[in-house]
Amino acid sequence: MEIVRNIALVLHFIGLAAVIGSFMVQMKAPTKRVDPAMLHGALTLLASGVILVGALEMGDGTVNHVKITVKLLVLLVVTALVVLNRRKDVVATGV
């Protein structure tokens with residue numbers, strides 16, 4: 001189970017790097033748009049996060065459900081913004 005947790009953790013970090021890296025690249029771009037890496041990173045974060053929480057639930061650790069819920073809600077908002085704006089050529093800076 002430790003191997004699954006470590007693989008999911010590495011995937012979680014890769015997804016986080018994809019979302020943050022794409023965001024940083026778009027901050028410097030003259031026209032703001034949603035990069036496909038943002039969508040793939042957000043979905044990777046979602047899948048690996050579910051695996052990490054499941055592995056923790058099955059193990060001996062305790063899960064802080066409030067923290068996990070807040071993180072899930074933030075990720076769902078980010079994913080919704082990416083999905084809704086990924087086909088637009090230019091998006092507002094606030095998005």
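In this predicted model, helices α1 and α2 cross in a left-handed way. Their axes come within 8 Å of each other and cross at roughly 155°. An angle over 145 degrees counts as roughly antiparallel, so that is the label α1 and α2 get. To find them in the picture, look for residues 2-28 for α1 and residues 36-58 for α2.

Now move along to the next pair. Helix α3 covers residues 65-85, and its axis comes within 9 Å of the axis of α2, with a crossing at roughly 160°. Here, too, the angle is over the 145-degree limit, so α2 and α3 are roughly antiparallel to each other. The crossing of α2 and α3 is left-handed. Who makes the contact? On the α2 side you'll find Met38, Leu39, Ala42, Leu43, Leu45, Leu46, Val53 and Glu57, while α3 brings in His65, Ile68, Leu72, Leu75, Thr79, Val82 and Val83.

## Stepping back to the whole chain

How many helices and strands does the protein chain have? It has three helices and zero strands, so to speak a plain α-α-α pattern when you read along the sequence. Along the principal axes, the C-alpha atoms fill a box of roughly 50 × 25 × 20 Å. The chain has 95 residues, and 24% of them count as buried. Take the contacts whose partners are separated by 6 or more positions: 66% of those involve residues 24 or more positions apart.

Two pairs of residues show how sequence and space can be compared. Asn6 and Ser48 are 42 residues apart along the chain, and their C-alpha atoms are separated by 10 Å. Glu57 and Asp89 are 32 residues apart in sequence, and from C-alpha to C-alpha they are 42 Å apart in space.

## A few residues up close

Here's a quick look at how much of some residues is accessible.

| Residue | Relative accessible area | Class |
|---|---|---|
| Glu2 | 48% | partly exposed |
| Arg5 | 33% | partly exposed |
| Asn6 | 36% | partly exposed |
| Ser22 | 6% | buried |
| Glu57 | 42% | partly exposed |
| Asn85 | 8% | buried |

Let's start with Ser22, which sits in helix α1. Is Ser22 buried or exposed? Its relative accessibility is 6%, and buried means under 20%, so Ser22 counts as buried. Which residues does Ser22 touch, once those up to four places away in sequence are set aside? They are Ala17, Asp35, Ala37 and Met38. Met38 also turned up on the α2 side of the contact with α3. Within its own helix, the side chain of Ser22 reaches the backbone oxygen of Ala18 at 2.8 Å.

Asn85 belongs to helix α3. With a relative accessible area of 8%, Asn85 is under the 20% limit, so it is buried. A polar atom of the Asn85 side chain lies 3.0 Å from the backbone oxygen of Leu81.

Glu57 is a residue of α2. At 42% relative accessibility, it counts as partly exposed. Leaving aside neighbours within four places in sequence, Glu57 is in contact with Val63 and His65. What does the side chain of Glu57 do with the side chain of His65? The two make a polar contact at 3.5 Å. Both Glu57 and His65 are also listed in the contact of α2 with α3.

## The salt bridge

Side chains of opposite charge can pair when their charged atoms come close. How many salt bridges are counted in this model? The count comes to one. The partners are Glu2 and Arg5, whose closest N and O atoms are 3.6 Å apart. A salt bridge needs the nitrogen and oxygen to be within 4 Å, so the pair makes the cut at 3.6 Å.

Where do these two sit relative to each other? Glu2 and Arg5 are three residues apart in helix α1, which means that about one helical turn separates them. Glu2 is partly exposed at 48%, and Arg5 is partly exposed at 33%. Asn6 is in helix α1 as well, and it is partly exposed, with a relative accessible area of 36%.

Key
Residues are numbered from 1 along each chain as its sequence is written. This is a predicted model: local features need pLDDT of at least 70, side-chain atom pairs count only at pLDDT 80 or more; totals for chains, interfaces and linings use all residues. Side-chain values use heavy atoms; hydrogens and water are left out. Helices (H or I, at least four residues) and strands (E, at least two) are DSSP runs, numbered from the N terminus. Buried means under 20% relative accessible area, exposed over 50%, partly exposed in between (1.4 Å probe, protein chains only). A polar contact is a pair of N or O atoms within 3.5 Å; within protein, one must be able to donate a hydrogen and the other to accept it, and residues adjacent in sequence count only if both atoms are side-chain atoms. Contact means heavy atoms within 4.5 Å. A salt bridge is a side-chain nitrogen of Lys or Arg within 4 Å of a carboxyl oxygen of Asp or Glu. Axes are lines fitted to C-alpha atoms, for helices over the stretch in contact, and angles run from 0 to 180 degrees between N-to-C directions. Angles under 35 degrees count as roughly parallel, over 145 as roughly antiparallel, 65 to 115 as roughly perpendicular and the rest as oblique. A crossing is left-handed if the near helix is turned anticlockwise from the far one by less than a right angle, and right-handed if clockwise.
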